[in-house]
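Subject: A structure for you to explore

Hi,

I'm handing this structure over to you today, and I hope you enjoy looking around in it. Please open the view below first, and then read my notes beside it.

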Amino acid sequence: MVRTTLSAAEARRVALAAQGFGGAPSPVVSTRALNAGFARLGLLQIDSVNVFERSHYLPLFARLGAYDRATLDRLTTARRGPYLEYWAHEAAFIPRDDLRLFRWRMDAFRERDARPNRIESVVRTEGVRRELLALLRAEGPMRASDVEHESNVRRGPWWGWSDVKIGLEQLFRWGEVVSAGRSGFERVYALPEQVLPERLLDDAPERADAVRELVRRASRALGVGTRADIADYYRLRSDDTGRALTELTDAGELLPVRVEGWADRAWLHPDARVPRALTADAVLSPFDPVVWFRRRAERMYGFHYRIEIYTPAPKRVFGYYVLPVLQDDRLTGRIDLKSDRQRGVLRVRTAWQEPGEHLDAERLAVVLRRTAAWQGLDGVEVTDRGTAAAALAGALGVGLVPHEAADDADAAEPTPAVDATA
């Protein structure tokens, strides 16, 4: 039976099932399972904030359970590994062979930067870029820090980036250099021929064909979505996305549907399941595909979400690094987490129940114990701040820590730079 309408609850379950939720965490997560989970999502967004855990580790943990992060590191940081980085959503790990789908974006970046009103740094670093390409050709893959020195570090809106780093990032956007893994959390840069299969970028599809494939993949990953939802997944232009949706609909690859409560038309992927029920328990990265498009999170879950790491501490409402709490097909709360490695505890600095939702503290306690163990921490500590703090502490069997003590411990919490690439 072809579906033409979905209830709001059905749409939530479709979306979560498409994202890999609904199964029980596995006691052992194999490399094959990690690769399958990655394939389902299509990309893992990278972010430099490490107060709890770096963002790209969290989506697979939320869906699969505890896994060896060293395995994911090997997959994502090897110079000729199966994954590399590009601006696919924001900075993200993607399958290596998918880089060809973004060749048109590289060309668009280059054309934009070549305009007469191009930004000052593009002009200033022209000579630096020539030298960097020559150095990569002679020396092979390198990090920015391999050639930086104090005299070329600039202060100001680039957060201390040197002209070397700026030049490498410009070349990276244009596809003249590519990522060759990471050293620590620092990107390694290389010429394409040093790490990519021969002619991978030369044989890239035309823009319209690439966009159509990215729309196809985004639709599968989302299960159901509006044009804005689908465009956001790979940060595509709305008009390009609209043309691709029309073509895929005409070809029978996508099904137009109406979703209860959604003002805009949506598209259902024909392979999407419509579960009668869905069981899920997870805390989500701020950059998880379930919530990274804030308009979709608010429309689907009634969840108004803004990350507050850039907000001065006295003005924060929910906390510094707040993660949504997923229980079944609802976002029932949010918690501010910190991995306190010196003391060996996972700290819940705030815990909130969403208005109109029921947050099951016992279920969340199980998730947090599992999370602490995955982080190599001995236990969980709860600060007495937030509408769910007391219930969560009770479920964990711990006393509440006065927030004044937690504030003293966090007095030096940094405001991160915008650089997500490190």
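**What I found**

Let's start with one pair of residues: T383 has V401, in β16, as its bridge partner. Strand β16 covers residues 400-401, and β15 pairs with β16 in the parallel sense over 2 bridges. Between these two strands the chain passes through helix α15 (residues 389-396), making a β-α-β crossover that is right-handed.

Before going on, please keep in mind that this is a predicted model: local features need pLDDT of at least 70 and side-chain atom pairs count only at pLDDT 80 or more, while totals for chains, interfaces and linings use all residues. Residues are numbered from 1 along each chain as its sequence is written, and side-chain values use heavy atoms, with hydrogens and water left out.

A few words on the terms above. Helices (H or I, at least four residues) and strands (E, at least two) are DSSP runs, numbered from the N terminus. Two strands pair if DSSP finds at least two bridges between them. Strands of a sheet pair through backbone hydrogen bonds, either parallel or antiparallel. A crossover is right-handed if, with the strands pointing away from you, the path from the first strand over the helix to the second runs clockwise.

**More about β15**

Is strand β15 mostly covered or mostly uncovered? Strand β15 (residues 379-383) is mostly covered, with 4 of its 5 residues buried. Here, buried means under 20% relative accessible area, exposed means over 50%, and partly exposed is in between (1.4 Å probe, protein chains only). Strand β15 also runs parallel to β14 (residues 345-353), and 4 bridges join the two. One of these strands' partnerships is between L346 and V380, the latter in β15. On the way from β14 to β15, the chain goes through helix α14 (residues 361-374), in a β-α-β crossover that is right-handed.

**An open sheet**

Elsewhere, 4 strands make an open sheet with mixed pairing, in the order β1-β9-β10-β8. Its edge strands, each pairing on one side only, are β1 (5-6) and β8 (224-226). Strand β8 and strand β10 (residues 266-268) run antiparallel and are joined by 3 bridges. T226 has A266, in β10, as its bridge partner.

V257 is a good residue to look at in this sheet's strand β9 (residues 255-259). Its relative accessible area is 2%, so V257 is buried. The C-alpha atoms of V257 and T5 are separated by 5.2 Å, although the two residues are 252 residues apart along the chain. Leaving out residues up to four places away in sequence, V257 touches (heavy atoms within 4.5 Å) R3, T4, V224, R265, A266, W267 and L268.

**Salt bridges**

How many salt bridges does a search of the whole structure find? The search finds 43 of them; a salt bridge is a side-chain nitrogen of Lys or Arg within 4 Å of a carboxyl oxygen of Asp or Glu.

One of them joins R187 and E85, at 2.9 Å from N to O. R187 lies in strand β7 (residues 186-190) and E85 in strand β3 (residues 83-87), so this pair ties together parts that are 102 residues apart in sequence. Both R187 and E85 are buried. R187 also has a salt bridge with E169, where the closest N and O atoms are 2.5 Å apart. Since E169 is in helix α8 (residues 163-174) and R187 in strand β7, the pair ties together parts 18 residues apart in sequence. E169 counts as buried at 2% relative accessibility, and R187 at 0%. A network of salt bridges links E85, K165, E169, R182 and R187.

Another pair is D229 and R299, with closest N and O atoms 2.8 Å apart. This pair links distant parts of the chain, 70 residues apart: D229 is in helix α11 (residues 227-233) and R299 in helix α13 (residues 294-301). D229 counts as buried at 2% relative accessibility, whereas R299 counts as partly exposed at 26%.

Enjoy exploring, and write back with any questions!

Best wishes
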